[in-house]
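Here are a few short exercises to work through with the model open beside you. Try each task before reading its solution.

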Protein chains: 2
Amino acid sequence: MKLLENPLFHGVSAGELEEMTRCFEMEERKFREKEEIPIHKNVGILLEGSVSINRLNADGSLDMLEYMSDGGIFGSFFSLFEEMGDLIVICEKSCTVVFIDTCHITKRCSRACHHHSLVVENLLNLMTEKVHQLSEKVEILSHRSIRGKLLCYFQFQQNKTGNMDFSLPFSYSALASYLCVDRSAMSRELKKMKNEGLIQMQGRKITLV
Amino acid sequence: MKLLENPLFHGVSAGELEEMTRCFEMEERKFREKEEIPIHKNVGILLEGSVSINRLNADGSLDMLEYMSDGGIFGSFFSLFEEMGDLIVICEKSCTVVFIDTCHITKRCSRACHHHSLVVENLLNLMTEKVHQLSEKVEILSHRSIRGKLLCYFQFQQNKTGNMDFSLPFSYSALASYLCVDRSAMSRELKKMKNEGLIQMQGRKITLV
DNA sequence: AAAGTCATGTTGCAAATGCAACAGAAAGAA
DNA sequence: TTCTTTCTGTTGCATTTGCAACATGACTTT
């Protein structure tokens, strides 16, 4: 995905983008699978590949908070834990990331450039989307049982594809981590649901009945 | 709290606010306890009192998603469910709310007024805060046990006051609802934690040891 | 005063969940 | 290929949790 196509630059022309690249001191970097992506005080825009956003626990283990692909945005605006220094972004599929230092966005541009307000407005829309994503996760986690969480998650996925079936974007282990439940217990529950005819599973393809 | 003091209008003068009130067609309304606050496509700014944001379940019961006081902001920007039509805002303590139709904020002002970009920038900061709040809730709910959720919630409260102790902003029933756990089970767990010397409780005042 | 409502405390019990441990399958690296 | 790692499926068991039911006290309403 091209930078210009990213929602953050919606309404910006190619020429303007060129100018902004300098004005915002944007930097492009590539990462390979499993590599950790440094975030500091930057906003990261994912042009290609996919990454996971994880929280580092006291015991050294990781909880996946999010998983995103092309066009995804991550950084200090979007999460509580970055400030706490225990947020870890990991490249899942080799990716290209454009970094922008937050201060270029937050602070008013001394050159009073016109693009600035446009980007702020776009960022606002992205934040809205991010709030929706978080609300979605809260909604999922608010269900008390594993089955409840699974069904809720499945329904969200189903709504996104529009079809009755969809594919998990990651492994079942990762799903358990995302849902904050025990993997084996989840596996057990999935089997039950399959037996009860609630769902069909073929590998990572799932069909809600 | 005065409207001018609200973070949404940070950096705006009294005169400008006057102008904006017309430009944005802002409307002020009062509500009494237990009253439902209609939201439509508005942003609501809470000047006085407090409200709860609840989700309406299929069975007619309500889950509290949030509880906010003076200066709080709610509306379509801030939650997933409003669009789904099952979000219900309820006045908890008699309150005053200022409504702004979202379109006045989202769309570029035809009069190209200067305040507009300022408000968008402020709104961006508010969204950031909202993202943090949601991340906080996700963090709380990501703990698997009731004890884990309680301790996590307590620590957040503690950090906010800065002291070792703090007071619940609502009832224990409401807390259980907020944490998405069974009230009686939570009550049982709190007793255990008290006996183990992890916490001290005097009514709704809690001290982390 | 009497009735009703709500917050809180308590308990037994069935069901759900987490945990630990193990094993085969699949995928990737050497 | 072989070796290694990760993913996945499974099971027993102790613990936790949700649920239902009931009791009490504070407060409000009639």
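The exercises below concern a predicted model, starting with chain A and moving on to DNA strand D.

**Exercise 1.** Describe the fold and the surface of chain A.

*Solution.* Begin with secondary structure: chain A contains 6 helices and 9 strands. Next, look at burial, where 56% of the 209 residues in chain A are buried. Then turn to contacts: of those in chain A between residues at least 6 apart in sequence, 68% link residues at least 24 apart. Finally, chain A has an accessible surface of about 10100 Å², and carbon and sulfur atoms account for 49% of that.

**Exercise 2.** Find the residues that surround DNA strand D and sort them by class.

*Solution.* With a cut-off of 4 Å between heavy atoms, 19 residues surround DNA strand D. The closest are Tyr172(A) and Arg188(A), along with Ser145(B), Ile146(B) and Arg188(B). Sorting the surface near the strand by class gives 9 charged, 6 polar and 4 nonpolar residues.

**Exercise 3.** Which parts of DNA strand D do Tyr172(A), Arg188(A) and Asp182(B) approach?

*Solution.* Take the phosphates to start with: one phosphate oxygen lies 2.8 Å from a polar backbone atom of Tyr172(A). For Arg188(A), an N or O atom of the side chain is 2.8 Å from a base oxygen. A polar backbone atom of Asp182(B) sits 3.2 Å from a phosphate oxygen. Now place the surface on the fold: the elements giving it two or more residues are helices H5 (172-179) and H6 (183-195) of chain A and helix H6 (183-195) of chain B. As a last step, view the strand's side: of its atoms within 4 Å of the protein, 43% are sugar or phosphate, and the rest belong to bases.

Definitions and conventions
Residues numbered from 1 in each chain as written. Chains lettered and ligands numbered in written order. Predicted model: local features only at pLDDT ≥ 70, side-chain atom pairs only at ≥ 80, totals over all residues. Heavy atoms only, no water. Polar contact = N/O pair within 3.5 Å; in protein donor to acceptor, adjacent residues only side chain to side chain. Helix = DSSP H or I, 4+ residues; strand = E, 2+ residues; numbered from the N terminus. Nonpolar A, V, L, I, M, F, W, Y, C, P; charged D, E, K, R; others polar. Buried < 20%, exposed > 50% of the residue type's maximum accessible area, 1.4 Å probe, protein only. Contact = heavy atoms within 4.5 Å. Areas by Shrake-Rupley, 256 points an atom, 1.4 Å probe, with all protein chains shown as cover.
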